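Student: Could we go through this protein model together, step by step? I would like to learn how to read it.

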Amino acid sequence: MRGHISAHAVCTAIRDDIVSGALAPGSRLIEEILAARYGVSRVPVREALRTLQSEGFVTTRHHAGACVAEPTEQEAADLLDIRALLEPLGAARAAARRSPAHLKVLRGLVRLGRERARHGNPADLRQLDGWFHETLAQAVGSPSLTALLTQLRRKIEWMYTVELPSRPGESWDEHGAVLDAVARGDAERARALMAAHVERSLPVYRLRRPAAPEVRDPKRPVNTARVRP
């Protein structure tokens, strides 16, 4: 029913549509149309747009209102640099704070990842890789760091396609090594292994869409395409 869906749920739905490309970069985000799209009142939509603006998914333009952000190529590159700093920190924190439940899930994911790598199913491998990193982020024992890691992965998913590694088995062996260090509580080894894993994964990232220019032409017309309900 309208009005019974939280702003958090609406925020997640809009973010998912931005990441998937259903709401394209530069598209206007009109509260009334979004409210109809998600079956809610305008109040949770307004709150969701404020949250998404603080996360960098939405921007506000003069005379246009809220629009899907158009990240520059430099902003996209910065995300991978931030990942190189945050993911090793997350692995180190997980080594110190993980629970038995986290380890059980991570071990299951590594086992499945290694099996799928042998059989070569790209869709399964991408999904399992995402679950591995998301579970590791949940294991850091810090809601703020978990939120940062999760938001970072969503932004990278928005801006990049990720090709399947040429040797997926090696990638899952790296996951397994990180997991072993986390399970032993060896924070420094977990940090070093994750840093190496992130570095080796860089070649598989490709910009999903042409990035916005660094300096916009003031005569360039604003994209006022409406969001389809």
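Student: In what order do the elements of the protein run from the N terminus on?
Tutor: Keep in mind that we are looking at a predicted model. Its secondary structure comes to 9 helices and 4 strands. Starting at the N terminus, the order is α-α-α-β-β-α-α-α-α-β-α-α-β.

Student: Among contacts between residues at least 6 apart in sequence, what share joins residues at least 24 apart?
Tutor: Here we set aside pairs that sit less than 6 places apart in sequence. Of the contacts that are left, those joining residues at least 24 apart make up 79%.

Student: How many residues does the protein have, and what share of them counts as buried?
Tutor: A residue is buried when its relative accessible area is under 20%. The protein has 229 residues, and the share that counts as buried is 41%.

Student: What span is expected for helix α3, and what does it reach?
Tutor: Helix α3 covers residues 42–55, which gives 14 residues. At 1.5 Å a residue, 20 Å is expected. From its first C-alpha to its last, α3 is close to that value and reaches 20 Å.

Student: Why are the buried residues of α3 on the same side?
Tutor: The buried residues of α3 are P44, V45, A48, L49, L52 and E55. They lie on the same side of α3 because the arc they cover around the axis is only 140°. A general rule helps here: with 3.6 residues a turn, an α-helix has residues three or four places apart pointing the same way. For α3 itself, the arc to remember is 140°.

Student: Which residues are exposed on the other side of α3?
Tutor: To count as exposed, a residue needs over 50% relative accessible area. On the other side of α3, the exposed residues are R50 and S54.

Student: Which elements do the buried residues of α3 pack against, and what follows the helix?
Tutor: The packing partners are α1 (7–20), α2 (31–38), β1 (58–61), β2 (65–68) and α7 (143–159). After α3 comes a residue with a positive phi, near 95°, and that residue is G56.

Student: How far apart are the end C-alpha atoms of α7, and which of its residues are buried?
Tutor: The 17 residues of α7 should span 24 Å at 1.5 Å a residue, and the end C-alpha atoms are indeed 24 Å apart. Its buried residues are L145, T146, L149, L152, K155, I156, W158 and M159.

Student: Is D17 buried or exposed, and which residues is it in contact with?
Tutor: D17 has its place in helix α1. Its relative accessible area is 18%, so D17 is buried. Apart from neighbours within four places in sequence, its contacts are A22, L23, R37 and Y38.

Student: Is E199 buried or exposed?
Tutor: E199 belongs to helix α9. Along the chain, E199 and L80 are 119 residues apart, while their C-alpha atoms are separated by 9.5 Å. The relative accessibility of E199 is 54%, so this residue counts as exposed.

Student: Where is I5 found, and which residues is it in contact with?
Tutor: I5 is found in the segment before α1. With 34% relative accessibility, I5 counts as partly exposed. Its C-alpha atom and that of Y38 are separated by 9.0 Å, though the two residues are 33 apart along the chain. Leaving out neighbours within four places in sequence, I5 is in contact with V10, Y38, G39, V40 and P44.

Student: Which residues are closest to the centre of the largest pocket?
Tutor: The largest pocket holds about 1,100 Å³ of space. Its lining has 43 residues, and the closest to the centre are R126, D129, R153, V162 and Y205.

Student: Which elements give two or more residues to that lining, and how many of its residues are charged?
Tutor: The elements are α1, α6 (122–138), α7, β3 (160–162), α8 (168–184) and α9 (187–201). By class, the lining of the largest pocket has 13 nonpolar and 14 polar residues, and the charged ones number 16.

Student: Which residues line the largest cavity, and how many are nonpolar?
Tutor: There is 1 cavity of 30 Å³ or more, and the largest cavity holds about 60 Å³ of space. Its lining consists of E87, G90, A91, H133, L136, A137, V140, L149, R153 and M194. Two or more of the lining residues come from each of α4 (73–97), α6 and α7. By class, 2 are polar, 2 are charged, and the nonpolar ones number 6.

Technical notes: Residues numbered from 1 in each chain as written. Predicted model: local features only at pLDDT ≥ 70, side-chain atom pairs only at ≥ 80, totals over all residues. Heavy atoms only, no water. Expected span 1.5 Å × (residues − 1). Buried < 20%, exposed > 50% of the residue type's maximum accessible area, 1.4 Å probe, protein only. Arc of directions from axis to C-beta. Contact = heavy atoms within 4.5 Å. 1 Å grid on protein atoms, 1.4 Å probe; cavity = no way out; pocket = protein on both sides within 12 Å on 5 of 7 lines; lining within 4 Å. Points joined across faces, edges and corners; volume = space filled by probe spheres on them. Nonpolar A, V, L, I, M, F, W, Y, C, P; charged D, E, K, R; others polar.
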